[in-house]
Amino acid sequence: MEGKCKRTNFVVTLCTAKIKSVARPDQAPIDHSFFMLFSGGGGEALVPVRSTTDRTAVSIAYTAETKLWNRTLSFIFSAGFLALASLATLLIFWKSVN
């Protein structure tokens, strides 16, 4: 139905899409969102795709195929940064307690 991407500070791209089933028009639209680091949409169409093994699993072709590696690295980088920040916070807390 609707899809858009917004790039922030040339680093983070946030995309959202509403996917409506053509086969089941009575079903509510499915919201799908994702983010990427250091990459933009580049004007790509946000085409909905459905899994062949799990019919309820829907995604955007652009995110499922084209930018999967970028999204994986973005997740690993973000999780690593969060873990590092948590560890630093715990160390500061530990030093202030002692």
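This is a short guided tour of the structure, stop by stop, for you to follow in your viewer.

**The whole chain**

Start with everything displayed, and keep in mind that this is a predicted model. If you colour by pLDDT, you will be looking at a chain that averages 77, with 77% of its residues scoring at least 70. Switch to a cartoon view and you should find 5 strands and 2 helices. Walking along the sequence, you meet them in the order β-β-β-β-β-α-α.

Now try a surface view. The chain exposes about 7,500 Å², and carbon and sulfur atoms supply 65% of that area. Of the 98 residues, 19% are buried. Contacts can also link distant parts of the sequence: among those with a separation of 6 or more, 44% join residues that are 24 or more positions apart.

**Stop 1: the hairpin of S1 and S2**

Select residues 2-8, which are strand S1, and residues 12-19, which are strand S2. The two strands run antiparallel and are joined by 7 bridges. Together they make a hairpin with 3 residues between the strands. Click on Asn9 in the turn, where phi is positive at about 55 degrees.

Next, look across the pair. Lys6 has Leu14 in S2 as its bridge partner, and Cys5 stands opposite Cys15.

**Stop 2: the two faces of S2**

Show the side chains of S2 and turn the strand slowly. Which residues of S2 point to the buried face? They are Thr13, Cys15, Ala17 and Ile19. Val12, Leu14, Thr16 and Lys18 point to the other face and are not buried.

**Stop 3: Cys15**

Stay in strand S2 and centre the view on Cys15. Is Cys15 buried or exposed? Its relative accessibility is 1%, so Cys15 counts as buried. Draw a distance from its C-alpha atom to that of Cys5: the two are separated by 4.0 Å, although they lie 10 residues apart along the chain.

Then bring up what surrounds Cys15. Setting aside neighbours within four places in sequence, Cys15 is in contact with Lys4, Cys5, His32, Ser33 and Phe34.

**Stop 4: across to S3**

Phe34 from that list leads you to strand S3, residues 30-37. S2 and S3 run antiparallel, with 8 bridges joining them. To see one facing pair, select Ala17 and His32, which stand opposite each other.

Now click on Phe34 itself. With a relative accessibility of 6%, Phe34 counts as buried. Its C-alpha atom is 6.7 Å from that of Thr16, a residue 18 positions away in sequence.

**Stop 5: the loop between S2 and S3**

Follow the loop that links S2 and S3 until you reach Gln27. Why does Gln27 count as partly exposed? Its relative accessible area is 28%, and the partly exposed class lies between the 20% and 50% limits. Beyond residues up to four places away in sequence, Gln27 touches Lys20 and Ser21.

**Stop 6: the helices**

Finish with helix H1, residues 61-66, and helix H2, residues 68-97. Among the elements of the chain, H1 has the lowest mean pLDDT, at 60, and H2 the highest, at 89.

Select Leu73 in helix H2. Its relative accessibility is 43%, so Leu73 counts as partly exposed. Add Trp69, Phe75 and Ile76 to the selection, and you have a nonpolar surface patch in which these residues and Leu73 together offer about 500 Å² of accessible area.

How values were computed: Residues numbered from 1 in each chain as written. Predicted model: local features only at pLDDT ≥ 70, side-chain atom pairs only at ≥ 80, totals over all residues. Heavy atoms only, no water. pLDDT = per-residue confidence, 0-100. Helix = DSSP H or I, 4+ residues; strand = E, 2+ residues; numbered from the N terminus. Buried < 20%, exposed > 50% of the residue type's maximum accessible area, 1.4 Å probe, protein only. Contact = heavy atoms within 4.5 Å. Areas by Shrake-Rupley, 256 points an atom, 1.4 Å probe, with all protein chains shown as cover. Pairing = 2+ DSSP bridges. Patch = residues over 30% accessible without salt bridge, like charges linked within 9 Å, V, L, I, M, F, W, Y side chains within 5 Å. Salt bridge = Lys/Arg side-chain N within 4 Å of Asp/Glu carboxyl O.
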